[in-house]
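Here is an informal walk through one protein model, written for someone who would rather be at the bench. Have the sequence and the 3D view open while you read.

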Amino acid sequence: MKKLLLITSLFVLVACQKESEAPAENSTEESASTPGTSTGSNAIVYNVNKNTMLQLINDVRSKGCNCGSTVMPPVGKLEWNDKLAKAGYLHSVDMNAKNYFSHTSQDGRSPGDRITAQGFNWSTYGENIARGQSNEAAVMNSWLNSEGHCKNIMNGRFKYVGVGMQNKYWTQVFGTLR
């Protein structure tokens, strides 16, 4: 698992990726209230404007970019996945409620455990987390200005994405189905 920790006075970001031959064991997820969703053009899903976030992600993926000193060529667009978004949202809720910032939940669950618990049968996944940004554009800008996060966004192996936010704790989850 690759980790990158970037700490500044305004925000903290962490990125990780993992591939596996078998999904992590399914773990029990504590329930949390789920905000309503809308199918309109400004769909808000798990406290994130789904359409804005997906457009920001796919715009950069379709053009390519530099992730630090690494030139990343254009890659295919991602599709939104509500299971990944829910896993991200519940992790953001947990980090906010328990005042921590990590890919590993305080009960020891990994991102793979959390997305498996939501029923996403993954072959590979990645996760970006951030804290402190007020909107989708700000958090995407932060992630794109961090080499590890940017590489997750530009990873052509990922086919799906979901993002959740609670009280400025952001979790962006990428995955590919088995």
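What follows covers one helix, then salt bridges, then aromatic pairs. Keep in mind that this is a predicted model.

**Helix α1**

Let's start with α1, which runs over residues 50-63. With 14 residues, α1 stretches 20 Å from its first C-alpha to its last, close to the 20 Å you'd expect at 1.5 Å a residue.

Which residues of α1 are buried? They are Met53, Leu54, Ile57, Asn58, Val60 and Arg61. If you look down the axis of α1, these buried residues fall within an arc of 160 degrees, so they line one face of the helix. The general background is handy here: an α-helix has 3.6 residues a turn, so residues three or four places apart point the same way. Flip to the face of α1 turned away from the buried side and you'll find the exposed residues Gln55 and Lys63.

The two ends of α1 are worth a look as well. At the N-terminal end, Asn49 acts as the cap, with a side-chain oxygen 3.2 Å from the backbone nitrogen of Asn51. After α1 comes Gly64, and its phi is positive, near 80 degrees.

**Salt bridges**

How many salt bridges does a search of the whole structure find? The search finds 4, and the table includes three of them.

| Salt bridge | N to O distance |
|---|---|
| Lys98 and Asp94 | 3.0 Å |
| Arg109 and Asp107 | 2.9 Å |
| Glu147 and Lys151 | 3.1 Å |

Take Lys98 and Asp94 to begin with. They sit 4 residues apart in helix α2 (residues 82-98), so about one helical turn separates them. Their surroundings differ in accessibility: Lys98 is partly exposed at 37% relative accessibility, while Asp94 is buried with a relative accessible area of 12%.

Glu147 and Lys151 are likewise 4 residues apart, this time in helix α5 (residues 147-153), and about one helical turn lies between them. Glu147 is partly exposed, with a relative accessible area of 32%, and Lys151 is partly exposed too, at 25%.

As for Arg109, the partner of Asp107, is it buried or exposed? Arg109 counts as buried, at 9% relative accessibility; the cut-off for that label is under 20%.

**Aromatic pairs**

On to the rings: the structure holds 4 aromatic pairs. One of them joins Trp122 and Tyr125 edge-to-face, at 4.7 Å centre to centre and with 90 degrees between the planes. Trp122 is buried, with a relative accessible area of 1%, and Tyr125 is buried with a value of 1%.

Phe158 and Phe174 make another kind of arrangement. Their ring centres are 5.3 Å apart and their planes lie at 15 degrees, so the pair is stacked; planes under 30 degrees apart earn that name. Phe158 belongs to the loop between α5 and β9 (160-166), whereas Phe174 is in strand β10 (residues 169-177), so the pair ties together parts that are 16 residues apart in sequence. Both rings belong to buried residues: Phe158 has 1% relative accessibility, and Phe174 has a relative accessible area of 0%.

Methods. Residues are numbered from 1 along each chain as its sequence is written. This is a predicted model: local features need pLDDT of at least 70, side-chain atom pairs count only at pLDDT 80 or more; totals for chains, interfaces and linings use all residues. Side-chain values use heavy atoms; hydrogens and water are left out. The expected span of a helix is 1.5 Å times one less than its number of residues. Buried means under 20% relative accessible area, exposed over 50%, partly exposed in between (1.4 Å probe, protein chains only). The arc is that of the directions from the helix axis to the C-beta atoms. A polar contact is a pair of N or O atoms within 3.5 Å; within protein, one must be able to donate a hydrogen and the other to accept it, and residues adjacent in sequence count only if both atoms are side-chain atoms. A salt bridge is a side-chain nitrogen of Lys or Arg within 4 Å of a carboxyl oxygen of Asp or Glu. Rings of Phe, Tyr and Trp (its six-membered ring) pair if their centres lie within 6.5 Å; planes under 30 degrees apart count as stacked, over 60 as edge-to-face and the rest as tilted.
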